[in-house]
Every structure is written in C-alpha cells, then in structure tokens.
Amino acid sequence: MLPKHAGVAEVAAAQPPVVRVAGLKKSYGKVEALRGIDFEVNQGSVLGFLGPNGAGKTTAIKILTGYLAASAGRVEVCGVDVAEEPLEVKRHIGYLAENNPLYLDMRVADFLHFAARAFFLTGRQVQQVVDRAVCCTGLEEVYRRPIGHCSKGFRQRVGLAQALLHDPQLLILDEPTNGLDPLQVVEMRALIRELGRQKTIIITSHVLPEIEALADRVVLLHEGRKVADGPLGGILGQDLAHCLVRVCLRCKPEQLRTVAEEANAVWLEERPQPFAGDDLAAATLEVAGADGLSRIATVAAQAGYPLLELAPQTRSLEYLFQNLKQGEEK
Ligand SMILES: Nc1ncnc2c1ncn2[C@@H]1O[C@H](COP(=O)(O)OP(=O)(O)OP(=O)(O)O)[C@@H](O)[C@H]1O
Ligand SMILES: [Mg+2]
C-alpha cells in the first residue's frame, strides 16, 4: 500500500506499466533487426528510445503499435497483448510515424476529420475532437490550407494532432523533429514537453540532445540489442567518468598547455579561437572527476589568465557507443 502522502512519481510507479516488452525479436529475412529486447514504460513517464541509424528503433515501434508482427517475444500496451488484439491496442496509442506520412492534397481540416472517423468517432464527436487537437497543437492558422502548402513544422503538427484525436494514453513519436529547422525544433519540443504532462510518451531519436531535452528515462538500442536502460545522466556517467571541456583563456597557446598540465587535464586538441581578439588560446581538454572544471578555473585564475570559456561538452552518441562497446570488451 502507498504511504498517505505519496508523490506523483510514487503513485505512477505503483500503477501497472503502460508498456511491457519481453524477449522481443524481429528478423527481416536474414537481417536480425531486434535480437531480444525487454523494457517497461511506467505511466506518466517520457521514455527516450535512442540509438544510431539501423539500431532497430522503428522496428520496435512498429511492433508496439501493432503495425508489424514480431518474430518472437511479447508486447503488452495498457494490459492488452498487441499480437492478440491489435485493434484494441490502437485505441490506447497515438502514433506519429517516422517521416510522418500525410495526404498532401487534403486540407488540414478534411484530413483530421477523416482520421477521426478512422478512429470510429461519429457525429458531433468528430468536430469536438478535431477542435481539441487543433487547439492543442496550434493549427488554427492553417486549418483550411492544403497540407502540401503547409511548412514542414506545421505538417509535423498535423501528424501530432492526428495522433491525439482519440485522446490516447500512450503517445509514440518516431523522430518527431527530423527535418525541422532549429526554430521549429524548439516549438515541437515545447509542444511534446507540454503533452508529457498528461500522457505517457515514447520518443525515438538518434540525436542525443533531443532525448536530453525531453526524456526522463532512456532505452539505448544498438544493433538490435538493448545496451542501456535508465536516466540519461547515469548512462553517460557524467558525474563519474571523464568529462570533455572546451576552454578559452586570454593567454598564449603554450600557457594554456601549462594550465592544462597543472590542472591534471588531458590535452585533446587545440581549437580555433571562438571569440574575436588577440592573445586568446582555446582547446578541448578531458578532465577526470567532478572537480575537474574547478581545477582548471583555479589554476587559470592563479596564473592571472582571464577565463573566456569553460564549457563541458555534450557527448556525441558515437562517443557513448564507443564507451559502451569498450565496456563490453573489458
Ligand atoms: N522492411 C524491411 N526489410 C528489410 N530490412 C529492414 C526493413 N526495415 C528495417 N530493416 C532493417 O532493420 C534494421 C533496423 O532498422 P530500423 O528502421 O528499425 O532502425 P532505426 O533504429 O529506426 O534506424 P533510423 O535511425 O535510421 O530510423 C536495419 O538494419 C534496417 O536496414
Ligand atoms: Mg527509424
């Protein structure tokens, strides 16, 4: 039984998981796209499904949504077995597919009405759910426009509105910001973050910052296997492992090398000056331990070199996978 003053997270964790995946395998002929993966998604959480191209993310998503049969294993969504009741499962899932297939000749309004009827909604219900989804995704200004005349950002919103029509408990978004310009990416992420307040979300990406911005937990796929599962910070081992840092000081390049040595930092590469001005030296260093950054700042200050930049770098997905593979080999 839960304690009387249980928090939201505790209450959600006490509910049965919205998604249960066990021993999931899928082969396309000789290609083993999924080699037996297991994970669960708790109610109210935003799960980032991360992995490089070809890792098996879309394949897993297609099985979860009932669009593709698994070769082995079991998937349950909201307690419903996907293989046994694919239609029932679709009632619980809103799905924005990879590359967001839409009918470009249809107007936004007509497409959403059509999609609502495909969810077996009828009569006044149709207009009600379309109005709600249009309002939620900010589509008012393009409501009467043909989809083919809408910007990529608005088209993504149309795809998202379609996924929301039947008010599903689980939202599955496959690369929702792919191909958007930076401003549209920011808008789309804000929208997804807002939706994450009410719904359980699975979002796939091969871009680390995307997942960092949205997900509270990550499942990392690599060549059809799950190689990590947990909060992103823990997976990256940011507080324990080596941290890459961009440094720029007002000093000569050889003086920056001395600072790096005294701060016990490893010199990785000299970088072009990031700011205008003379007498600037910049480099990427690697420091060990949580106090690595402050050691550099302290040594630079003691030497009297003004500090212009001291920035931990976001690790790339490639770096993350290299580390995981090295870990496996040890
Ligand atoms: N219909 C198909 N027929 C044959 N092989 C396929 C098919 N769909 C996917 N694959 C293969 O299965 C593997 C996993 O592909 P999948 O699309 O699931 O990866 P992904 O993680 O979504 O990649 P991306 O980041 O590029 O979207 C890849 O080797 C891919 O070439
Ligand atoms: Mg994919």
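A residue counts as partly exposed when its relative accessible area falls between the limits for buried, under 20%, and exposed, over 50%. Arg 20, with a relative accessible area of 37%, is therefore partly exposed. The model in which this residue sits is a predicted one.

Arg 20 is a useful place to start with the charged pairs. Its side chain forms a salt bridge with Glu 40, and the closest N and O atoms of the two are 3.5 Å apart. Because Arg 20 belongs to strand 1 (residues 19-28) and Glu 40 to strand 2 (residues 31-41), this pair ties together parts that are 20 residues apart in sequence. Glu 40 is also partly exposed, at 38% relative accessibility.

Arg 20 meets a further partner, Glu 76, in a salt bridge of 3.6 Å from N to O. Here the link is between distant parts of the chain, since Glu 76 lies in strand 4 (residues 72-77), 56 residues from Arg 20 in strand 1. Glu 76 has a relative accessibility of 15%, so it counts as buried. Both partners of Arg 20 belong to a network of salt bridges that links Arg 20, Glu 40, Arg 74, Glu 76 and Asp 81.

The count of salt bridges in the model comes to 14. Another of them joins Glu 210 to Arg 189, with the closest N and O atoms 2.9 Å apart. Glu 210 is in helix 8 (residues 208-214) and Arg 189 in helix 7 (residues 182-195), so the pair ties together parts 21 residues apart in sequence. Glu 210 is buried, with a relative accessible area of 3%.

Next comes the metal. The magnesium ion (ligand 2) has Thr 58, through OG1, and Glu 98, through OE, as its protein donors, at 2.0 to 2.3 Å. Thr 58 lies in helix 2 (residues 57-64), while Glu 98 lies in the loop between strand 6 (93-96) and helix 4 (108-118), so the pair ties together parts that are 40 residues apart in sequence. Thr 58 is buried at 14% relative accessibility, whereas Glu 98 is partly exposed at 33%.

Strand 6 and helix 4 appear again at the largest pocket, where they and helix 3 (86-92) are the elements that give two or more residues to the lining. This pocket has a volume of about 570 Å³. Its lining is made up of 22 residues, and those nearest the centre are Tyr 67, Tyr 95, Ala 118, Phe 119 and Gln 162. Sorted by class, the lining has 15 nonpolar, five polar and two charged residues.

Notes
Residues are numbered from 1 along each chain as its sequence is written. Chains are lettered from A and ligands numbered from 1 in the order in which they are written. This is a predicted model: local features need pLDDT of at least 70, side-chain atom pairs count only at pLDDT 80 or more; totals for chains, interfaces and linings use all residues. Side-chain values use heavy atoms; hydrogens and water are left out. Donors are N, O and S atoms within 2.8 Å of the metal (3.2 Å for Na, K and Ca); water is not among the atoms, so sites may look incomplete. Helices (H or I, at least four residues) and strands (E, at least two) are DSSP runs, numbered from the N terminus. Buried means under 20% relative accessible area, exposed over 50%, partly exposed in between (1.4 Å probe, protein chains only). On a 1 Å grid over the protein atoms alone, a cavity is a set of points where a 1.4 Å probe fits but cannot get out, and a pocket is an open set with protein on both sides within 12 Å along at least five of seven lines; lining residues have an atom within 4 Å of a point. Grid points are joined across faces, edges and corners, and a volume is the space filled by probe spheres set on the points. Ala, Val, Leu, Ile, Met, Phe, Trp, Tyr, Cys and Pro count as nonpolar, Asp, Glu, Lys and Arg as charged, and the others, Gly among them, as polar. A salt bridge is a side-chain nitrogen of Lys or Arg within 4 Å of a carboxyl oxygen of Asp or Glu.
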